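Welcome! Take a moment to turn the model around on your screen, and then let us walk through it together.

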Amino acid sequence: KNQAEPLVASRVLENALSAARTENKRVFLHFGAPWCGWCHKLEDWMAKPEIGAILAKAFVDVKVDTDRMTGGQDLLNAHSKGKNGGIPWCEILGADGKALVNSNGPKGNIGFPAQADEIAWFVGMLKTSGAKLSDADIATLESSLKTK
């Protein structure tokens, strides 16, 4: 009775898309769960002030908790078309909701980009998405991942 109502994943995403339209940004959609160590690594990296400031220039951030949000797992399945290879799984959307690129690289889901090929795929995601990031911004993000 004292528990908060769970958020509805589809509503959370729709609110982010609305904000992206207003702010002329992309949506950085990522799926995770409380028990997922790599999900926490992604969130911790994104929460660093210098990283968060860069990402906020171009993206509305949306985290969907597949365990605690109503419809979270269903939304992941719909966006990944069942080919997510686990979590964290990420997708960059246009403000219209259309998928531009996702974290399914040549070897499968990159999750939190830690290996050289995963980092390269993530950097490619940023560039392919048309996000409003400068080359210097992208280089800073890439460098911060390489120092993990």
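What follows is a short tour of helices, cores and a few single residues.

Keep in mind from the start that this is a predicted model.

Let us begin with helix H4, which spans residues 72–80. Which residues of H4 are buried? They are Gly-72, Leu-75, Leu-76, His-79 and Ser-80. Looking down the axis of H4, you will find these buried residues within an arc of 115 degrees, so they line one face of the helix. On the face turned away from that buried side sit the exposed residues Asp-74 and Ala-78. The buried residues of H4 have several packing partners: helix H1 (9–23), strand S1 (26–32), strand S2 and strand S3 (89–93). Right after the helix comes Lys-81, with a positive phi near 55 degrees.

One of those partners, H1, deserves a second look. H1 and H4 pack with their axes 8 Å apart and at an angle of about 60 degrees. The two helices are therefore oblique to each other. From H1, the residues making this contact are Ala-9, Ser-10 and Leu-13, and from H4 they are Gly-72, Leu-75 and His-79.

Now step back along the chain to the loop that joins strand S2 (59–65) to H4, where you will find Thr-66. Is Thr-66 buried or exposed? Its relative accessible area is 9%, and because buried means under 20%, Thr-66 counts as buried. Apart from its neighbours within four places in sequence, Thr-66 is in contact with Phe-31, Gly-32, Ala-33, Gly-72, Gln-73, Leu-76 and Ile-87. Two of these names, Gly-72 and Leu-76, also appear among the buried residues of H4.

On the other side of H4, the loop leading to S3 holds Lys-83. Lys-83 has a relative accessible area of 62%, and because exposed means over 50%, Lys-83 counts as exposed. Even so, Lys-83 touches Trp-89 and Asn-104, not counting residues up to four places away in sequence. For a sense of scale, Lys-83 and Thr-147 are 64 residues apart in sequence, and their C-alpha atoms lie 29 Å apart in space.

Next, let us look inside. In soluble globular proteins, nonpolar side chains tend to be buried together. Here the largest nonpolar core has 24 residues, and Trp-45, Phe-59, Phe-122, Leu-133 and Leu-141 have the most contacts inside it. Two or more residues each come from helix H2 (37–47), helix H3 (49–58), S3, helix H5 (116–128) and helix H6 (135–146). Which element gives this core its largest share? That is H5, with 5 residues. A second, separate core has 21 residues, including Ala-16, Cys-36, Cys-39 and Trp-89. Back in the largest core, Leu-133 is in contact with Ile-54, Lys-57, Ala-58, Phe-59, Leu-126, Ile-138 and Leu-141, leaving aside its neighbours within four places in sequence.

H5 itself has 13 residues, which should span 18 Å at 1.5 Å a residue, and its end C-alpha atoms are indeed 18 Å apart. Buried in H5 are Glu-118, Ile-119, Phe-122, Val-123, Met-125 and Leu-126. These residues cover an arc of only 150 degrees around the axis, which puts them on the same side of H5. The face turned away carries the exposed residues Ala-116, Lys-127 and Thr-128. Covering the buried residues of H5 are elements including S1, H2, S2, S3, strand S4 (99–102) and H6. Just after H5, Gly-130 takes a positive phi of about 75 degrees.

H6 has a buried side too. Its buried residues are Asp-137, Ile-138, Leu-141, Ser-144 and Leu-145. Seen down the axis of H6, they fall within an arc of 125 degrees, so they line one face of the helix. Asp-135, Ala-136 and Lys-146 are exposed on the face turned away. Among the elements covering the buried residues of H6 are H2, H3 and H5.

Our last stop is the pair H2 and H3. Their axes are 5 Å apart and they pack at an angle of about 85 degrees. H2 and H3 are therefore roughly perpendicular to each other. Where they meet, H2 offers Trp-45, Met-46 and Ala-47, while H3 offers Pro-49, Ile-51, Gly-52 and Leu-55.

Note on methods:
Residues numbered from 1 in each chain as written. Predicted model: local features only at pLDDT ≥ 70, side-chain atom pairs only at ≥ 80, totals over all residues. Heavy atoms only, no water. Helix = DSSP H or I, 4+ residues; strand = E, 2+ residues; numbered from the N terminus. Buried < 20%, exposed > 50% of the residue type's maximum accessible area, 1.4 Å probe, protein only. Contact = heavy atoms within 4.5 Å. Arc of directions from axis to C-beta. Core = buried A, V, L, I, M, F, W, Y, C linked by side-chain atoms within 4.5 Å. Axes fitted to C-alpha atoms, helices over the stretch in contact; angles between N-to-C directions. Parallel < 35°, antiparallel > 145°, perpendicular 65-115°, else oblique. Expected span 1.5 Å × (residues − 1).
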